[in-house]
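This report is written for a reader who is meeting the structure for the first time. Please look over the sequence and the model, and then follow the sections below.

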Amino acid sequence: MTRTQISLRLLHFGRPLMTPLAVSVTFRVLQMCLGIALYGVGAWGVVHVASGDPSVIVPVAVAMVVMAFAKGLFRYVEQYAGHYVAFKLLAMLRDDFYQRIEPQAPAGVEGTRTGDLLARVMKDIDRIEVFYAHTIAPSLAAVIVPVISLSVLGAGYSPVVALVLAPFLLGVGVVVPWLSHRAAATAATDLRRARGEISQHLTDGVQGVREVLAFGYGTRRLAELEALGSSGTSAISRLGTLISMRRGLNEFLVGAGVITILLTGWAQGLSWQDIAVTVAIGLATFGPVLGVEEFMADLEQAFAGARRIWEITDRPPLVTDPPAPEPRPATASIGFDSVTFAYPGQSPPALSGVSFTVPAGSRYAVVGASGSGKSTLVSLLLRFWEPQSGTVCVGGTPVDRLGLNDLRDLVAVVGQRTFLFNDTVAANLRLARPDATQEQLEAVCRQAALHDTIMEMPEGYDTVVGEMGERLSGGQRQRLAIARALLKDAPILVLDEATSELDVHTEAEIQRQIDDLARGRTLLVIAHRLATVTDADRILVMDRGRLVEQGTHRELLARQGAYARLYARQADDLDRAAG
Amino acid sequence: MESLMRPIRGPVLLSVLGTWLQALATTALLLLVGTAIGQIHRGGAPETAVIAGLFAAAAARALLAAAVPAITVRAGGRLEVGLRDRIYRHLLRLGAPLRSREQTGRLVSTGTEAVELVSTYYATFLGPILASMTVPILVLVAIGVFVDPWTALILAIVVPAIPLTVGVFQRGFAKVSDGYRDTANHLAARFLDALQGLSTLKLFNQGTAHGRALARSSEELRRAIMRLLAGNQVILFVVDTVFSLGMITTATVLAMVRMREGAIDAGEAVALVLLTTQLVEPLDKVGQFFYVGMGGAAAAKEIRAQLAEKPAVADTETQAPERAGSDVSFEGVSFAYLPDTPVLREVGFTIAPGEKVALVGPSGSGKTTVAALLQRNLDPGGGVIRVGGHDITSVPAAWVREQISVVAQSTYLFTGTLRDNLLVAAPDADDERLWDALRTANLDEFVRGLPDGLDTPTGERGLMLSGGQAQRTAIARAVLKDSPILVLDEPTSNVDLESEAAILAALDRLTVGRTVLMIAHRLSTVRDADRIVVLEDGLVTEQGSHDELMTGGGHYARAVRRTEVETR
Ligand SMILES: Nc1ncnc2c1ncn2[C@@H]1O[C@H](COP(=O)(O)OP(=O)(O)OP(=O)(O)O)[C@@H](O)[C@H]1O
Ligand SMILES: Nc1ncnc2c1ncn2[C@@H]1O[C@H](COP(=O)(O)OP(=O)(O)OP(=O)(O)O)[C@@H](O)[C@H]1O
Ligand SMILES: [Mg+2]
Ligand SMILES: [Mg+2]
């Protein structure tokens, strides 16, 4: 994307804020013109007094007081409007980022580098703010103010002086900034990238601090951080060199410009008074033009930041609502028909040719080795991913013809890796049903054998669980996730290793509650511990992405296949355990 | 404040000097312009010497203008790296308790954004602003010497107003900037939480609603800031007006009056007017650097607060013990996360070197807490924990952790490849060792089947692996660490029975001679332990071998019987 394209797109995005932006620009220009005029009037007053006209002292003083006052006022308006635009835009940009990334989840977000995403949504967007708040107004001012003051110089004093000044202004405002823009763009892109890497590294380093300590990984972690830091530093140094070069050139041009006005004025035979005024105006005119250099360095970062934002937000969501969604199915059966699916970049498919049906209201179990594709079945049922071939149906309707919200309303899941938000127990539960009453919360927690535990906590349901539920035990986290799914009260309930970290007593207790509750609902249980699945209506056995057997516990035992072998092993274990 | 800046004090002082010199060069340039105009006024041509001086001053200005950023920008980059290092080092000292107390997004924001703000502030802002606050004095001296002492004296009355107004300005904005930093950190924390939990939000159809809530809270904070700004910017208005009036107008009027009195000539009067640009410089800087200066000061406060935080687990400076045994003992250990809610009560058990002890008990009874105490992630409230005979509070924590390999209950894998994650435990292990460890964790076959093998990315937190694969990676990692004590917290909860059996058998072979503490719910995992310790509600209620415990009717025996009944 070129700089012009980026600018246009950013301007387009900022359209709702054109009015305050225009106010800010207008007042900036006015304020700067007044700044120049202040010197002009001052110089004018001095030369008049020098020409022997002391009567101007009072009017000049009065004019200057008024102008100074107006300048302050205009600056206030400029700043306030500018800040308004800036803060509003930051909020708009972040909101837009979230809204665009939300439909991409989970396929486009799960397992990706959220620390880097965080850097984008916080820091890169902060950079973009520079474009609106510190670029538009200054760059317009850098054009308008010199045009005005050159006109004044040309018309009121000497066209030749105006003409010789112009190249200096162009040099400062256009040539010097342009000289280095390519190198600056590369450095800015590198810098933004390094910042993102650092953010990712810190995120991992904080969330994995236990592992860092446990494995004596700290020193190496610090070394890695420093290496990432120095790639940032190298980009900063490059930017610094460019800034230094531009500043030097610019200041030289300013000095040379002033000297040139002076000498040209003299060569043109201007009166000393006119020379004084033209020098004062010329000198002051460089102010707004120098503004270009000031925003240049940051502007390149704004562009790089914008690219990094759009890199994410422009990705199309993997799944979208169908154009004309079918009505919500009346029944809650699940059907997989020759479903084949591979995760992107993975050559062996996670599922190949899987077909089965779970009739509404029945209780099915899925067993199989780790990595055989059990959790993937759930992801496809929820249409988190799109299968490469085959169809997944709910209530007879292919999931890609249902509205996404409808589909996900139909299914309650306790995932294998539960995620809890850094919020209270109650808030985590209410994710499933925002308007649930306290009684409803307590009811589901009783069913998940969690209520008593929560009541023992000093703040009960208002206990904050910490990031990812850090302040709970593993089993408590799982039970909270179960309670949350129960609260959703959906016709299909999926439990993916939902009780893997519970002791047998608690597990049995919850099992009993779920059995009660699941009557009339379609239940899909994924488990490694066979005890929890033996009484399922049917057991599906997965192996390396294929559905290798299915049947009731007895049928499968009779078949002497994979399931029977698995079961024999467990029974064997238990025999040994029982001594 | 001083200590954050210390590493770049040299460059900052240089930048002060550079800014002064630049101001002097500018003053010289403007005085010479005045001289030239004076010469024209007297009807002559500007002298060659004056013209040469003009160019020399212009060149000197340019060189100095280039030199200052060349020094400061680089110094800023250096400061950044150093600060970040200090912050992460400190986070490591704060250690595991950080996880349940702090929000990652906040800490990341301090380690990135705040660090950048502070570096820019100290490196590129502080020097020049300190310099430009004093530049007016230099300029006034120049005016006094070269133009007119009286004008300089009168203008000098205004000079103290500069630091004064800047001070008022700082105080006025400190609240906005502190508030802004706080907001930004809060927002960062919420965004990270939302991004990491986005799948869960989608699962409950709450993605959009959560987005609205985020937008709402950031909108509220925006409004609050705008209100504060509307008030505080009045200061800007006052300062601006006062300066323009005070400096420019006073100087101009003085120029006119003194010229009428004949004290100065026309050229000097013009120079005086031009020199006022130098006098109002500090004001321009203050306005320009509003974000940098105030944001930087607020960020510095934030970083200092972070660095001042005391670790909950104080490390000792003592030497690592020479010889270490691998026995473990808990003697009357009590612990509470929150006051008045004891989690462990007088827990006592020992593990002889090479012994394998299983810790079982209901969910929430404190098993993981025992493991955390052993690793010195937490400090016991009472009692003593010994490793190899040493009270672990009297030896360096790093030494204790070196003795122990852990498979944690909730697996944490780092963003990177399988290889990266394994090398965490043994940075210089060769591939052969990695494959051995994978074999022990029964993961070798899976990895061999991957097109990229060991270089397959695991995704953040291992999310691109299946639950069991991630867990087995953690087992392989612990195996690689090869420590005398092994702590396994539900190591196979997400692993199928077949792999579990294979893993346990492999671990058995591997752990001969090692001390093992195994926390598990699956009784199959526990059966071969030399001894079983039952923890219920923070109390050790039973301990003994499987057979001993089966004779009673305690938690363990009931659990075994229940499993039997269910399976038959
Ligand atoms: N996000 C992902 N990206 C790439 N590959 C993935 C992803 N998630 C899972 N896989 C791979 O797909 C395969 C099936 O994974 P899945 O999670 O369905 O297994 P599972 O049967 O649930 O295993 P477990 O019992 O260990 O949870 C595995 O080989 C896994 O590595
Ligand atoms: N960081 C924390 N802050 C406050 N309370 C905590 C924290 N971590 C754990 N707890 C509480 O301490 C108790 C013991 O937790 P612990 O994780 O040791 O249990 P556990 O025996 O490992 O349970 P599980 O089998 O479910 O993993 C629980 O009640 C838990 O809520
Ligand atoms: Mg799974
Ligand atoms: Mg635990």
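## The first ligand site

The model shown here is predicted, and a good place to begin is ligand 1, where a polar side-chain atom of A:S375 lies 2.7 Å from an oxygen atom of the ligand. A:K374 also reaches ligand 1 with its side chain, one of its polar atoms lying 2.8 Å from a ligand oxygen, while from chain B a polar backbone atom of B:G468 is 2.7 Å from an oxygen atom of ligand 1. Taken alone, ligand 1 exposes 640 Å², and the protein buries 92% of that area.

There are 20 residues around ligand 1, and those that come nearest are A:S375, A:T376, A:Q416, B:S466 and B:Q469. Because the residues that surround ligand 1 come from chains A and B, the site is shared between chains. Two helices each supply at least two residues of this shell, namely helix 10 of chain A, which spans 374-381, and helix 18 of chain B, which spans 467-481. Sorted by class, the shell around ligand 1 holds 13 polar residues, 6 nonpolar residues and 1 charged residue.

## The second ligand site

Ligand 2 lies between chains A and B, and 18 residues are found around it, of which A:S473, A:G475, A:Q476, B:T368 and B:T369 come nearest. The shell of ligand 2 draws at least two residues from helix 15 of chain A (474-488) and at least two from helix 13 of chain B (367-374). By class, the residues of the shell around ligand 2 are 13 polar, 3 charged and 2 nonpolar.

On the side of chain B, a polar side-chain atom of B:T369 lies 2.5 Å from an oxygen atom of ligand 2, and an N or O atom in the side chain of B:Q409 is 2.7 Å from an oxygen atom of this ligand. Chain A takes part through its backbone, with a polar backbone atom of A:G475 placed 2.7 Å from an oxygen atom of ligand 2. Of the 640 Å² that ligand 2 exposes when taken alone, the protein buries 89%.

## How the two chains meet

The contact between the chains involves 179 residues of chain B and 169 residues of chain A. Between them the two chains bury about 15800 Å², and 65% of this lies on carbon and sulfur atoms. Within chain B, the residues that lose the most area to chain A are B:Y88, B:R99 and B:F204, which together make up 5% of what that side buries.

Polar contacts also link the chains, with 40 residue pairs counted between chain B and chain A, both residues of each pair being at pLDDT 80 or more. Helix 9 of chain B, which covers residues 207-260, gives the most to the side of chain B that touches chain A, contributing 30 residues. The residues on that side of chain B divide into 87 nonpolar, 55 polar and 37 charged.

## Salt bridges

A search of the whole structure finds 58 salt bridges over all chains, and the count between chain B and chain A is 10. In one salt bridge A:K123 pairs with B:E116, and the closest N and O atoms are 2.6 Å apart.

Another salt bridge brings together the side chains of B:K202 and A:E102, at 3.3 Å from N to O. B:K202 lies in helix 8 of chain B (residues 198-203), whereas A:E102 lies in the loop between helix 3 (57-101) and helix 4 (114-157) of chain A, so the pair joins two chains.

## Backbone features of chain A

Which backbone features in chain A deserve a second look? As background, most residues other than glycine have a negative phi, and most peptide bonds are trans. The peptide bond from A:A105 to A:P106 is cis, with omega near -5 degrees, and A:P106 is placed in the loop between helix 3 and helix 4 of chain A.

A further feature concerns A:E497, which has a positive phi of about 50 degrees although it is not a glycine. A:E497 is found in the loop that runs between strand 7 (492-496) and helix 16 (504-517) of chain A.

Conventions: Residues are numbered from 1 along each chain as its sequence is written. Chains are lettered from A and ligands numbered from 1 in the order in which they are written. This is a predicted model: local features need pLDDT of at least 70, side-chain atom pairs count only at pLDDT 80 or more; totals for chains, interfaces and linings use all residues. Side-chain values use heavy atoms; hydrogens and water are left out. A residue is near a molecule or strand if one of its heavy atoms lies within 4 Å of it. A polar contact is a pair of N or O atoms within 3.5 Å; within protein, one must be able to donate a hydrogen and the other to accept it, and residues adjacent in sequence count only if both atoms are side-chain atoms. Accessible areas come from the Shrake-Rupley method with a 1.4 Å probe; for residues, only the protein chains shown count as cover. Helices (H or I, at least four residues) and strands (E, at least two) are DSSP runs, numbered from the N terminus. Ala, Val, Leu, Ile, Met, Phe, Trp, Tyr, Cys and Pro count as nonpolar, Asp, Glu, Lys and Arg as charged, and the others, Gly among them, as polar. Contact means heavy atoms within 4.5 Å. Buried area is the accessible area (1.4 Å probe) that two parts lose on being put together, summed over both. A salt bridge is a side-chain nitrogen of Lys or Arg within 4 Å of a carboxyl oxygen of Asp or Glu.
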